[in-house]
Amino acid sequence: MAVAEIVPADIREWRGQAVVDQKGHKIGKLESVYVETASDEPYFATVTIGPAVSVGLKVNSKLVFVPLDGAVLGPGYLKVAFARALVKQAPSIGVDDVLPAEAEPEVFAHYGLEYATGAGGERRLARR
């Protein structure tokens with residue numbers, strides 16, 4: 001996957017900016033970037049969604065994963081190539097957590113992406 005418009009140093013500067021879907025609907029805010037370990041290229045972003053209110057109780061925010069393939073940086077936003085509803089249903093982690101290696105296949109599967117570990121069995125993603 002190549003995200004020609006985005007390089008690792010650039011996207012980190014966008015932390016906290018709005019993340020929108022291909023129709024411009026706001027999904028949440030950019031939290032961090034996960035790179036592919038073999039190439040150190042941006043591969044997924046985590047997006048803060050929430051807090052939500054459920055039956056009168058405030059539920060904590062969470063981070064969902066969205067692929068950066070086809071993403072475009074705009075003035076004050078990152079537009080991703082996936083629908084808001086699909087992203088909001090993506091596998092998630094707590095705002096202070098890091099994706100465990102054993103959860104990586106689920107993130108890829110959610111978007112219909114093929115998953116394989118490195119040749120030595122190492123994890124595929126690393127947070128930057």
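D40 is partly exposed, with a relative accessible area of 34%, where buried means under 20% relative accessible area, exposed over 50%, and partly exposed in between (1.4 Å probe, protein chains only). The model in which D40 is seen here is a predicted one, in which local features need pLDDT of at least 70 and side-chain atom pairs count only at pLDDT 80 or more, while totals for chains, interfaces and linings use all residues. Residues are numbered from 1 along each chain as its sequence is written, and side-chain values use heavy atoms, with hydrogens and water left out.

D40 sits in the loop that runs between β2 (26–36) and β3 (41–49), and although D40 is not a glycine, its phi is positive, at about 60 degrees. Most residues other than glycine have a negative phi. The loop belongs to a hairpin, formed by β2 and β3 with 4 residues between them.

To place this hairpin, it helps to look at the whole chain. The protein chain has 3 helices and 10 strands, these being DSSP runs numbered from the N terminus (helices are H or I, at least four residues; strands are E, at least two). Read from the N terminus on, the elements follow the order α-β-β-β-β-β-β-β-β-α-β-α-β. Of the 128 residues, 38% count as buried, and the chain exposes about 6,800 Å², with carbon and sulfur atoms supplying 51% of that area; accessible areas come from the Shrake-Rupley method with a 1.4 Å probe, and for residues only the protein chains shown count as cover. Among the contacts with a separation of 6 or more, residues 24 or more positions apart account for 52%, a contact being heavy atoms within 4.5 Å.

Strand β2 is a good place to follow the chain further. Because 9 of its 11 residues are buried, β2 is largely enclosed by the rest of the structure. Its pairings, for which DSSP must find at least two bridges between two strands, involve β1, β3 and β10. With β1 (residues 18–20), β2 pairs in the antiparallel sense over 3 bridges, and V20 has K26 of β2 as its bridge partner. The hairpin of β1 and β2 has 5 residues between the strands, and there G24 takes a positive phi near 90 degrees. β2 and β3 also run antiparallel and are joined by 7 bridges, while 3 bridges join β2 to β10, again in the antiparallel sense.

Within β2, S32 shows how a bridge and a side-chain contact can involve one residue. S32 lies in strand β2 and is buried, with a relative accessible area of 6%; its bridge partner in β3 is T46. The side chains of S32 and T46 also make a polar contact at 2.7 Å, a polar contact being a pair of N or O atoms within 3.5 Å (within protein, one must be able to donate a hydrogen and the other to accept it, and residues adjacent in sequence count only if both atoms are side-chain atoms). Leaving aside neighbours within four places in sequence, S32 is in contact with F44, A45, T46, R127 and R128.

On the β10 side, E36 of β2 has L125 as its bridge partner in β10. The side chain of E36 also makes a polar contact, at 3.0 Å, with the side chain of R124, which lies in the loop between α3 (104–110) and β10 (125–127). R124 is buried, with a relative accessible area of 14%, and, not counting residues up to four places away in sequence, R124 touches V35, E36, T37, Y43, E104, F108, E114, Y115 and A116.

Two of the residues named above, Y43 and F108, lead to the aromatic rings, since ring pairs link Y34, Y43, F44, F65, F82, F108, Y111 and Y115 into a cluster. Rings of Phe, Tyr and Trp (its six-membered ring) pair if their centres lie within 6.5 Å, and planes under 30 degrees apart count as stacked, over 60 as edge-to-face and the rest as tilted. By this rule the count comes to 8 aromatic pairs. One of them joins Y43 and F44, a tilted pair at 5.5 Å centre to centre with 50 degrees between the planes. Y43 is buried at 7% relative accessible area, and F44 counts as buried at 0% relative accessibility. The rings of F44 and Y111 have their centres 6.4 Å apart and their planes at 50 degrees, so this pair is tilted too. The pair links distant parts of the chain, with F44 in strand β3 and Y111 in the loop between α3 and β10, 67 residues apart. Y111 is buried as well, with a relative accessible area of 9%.
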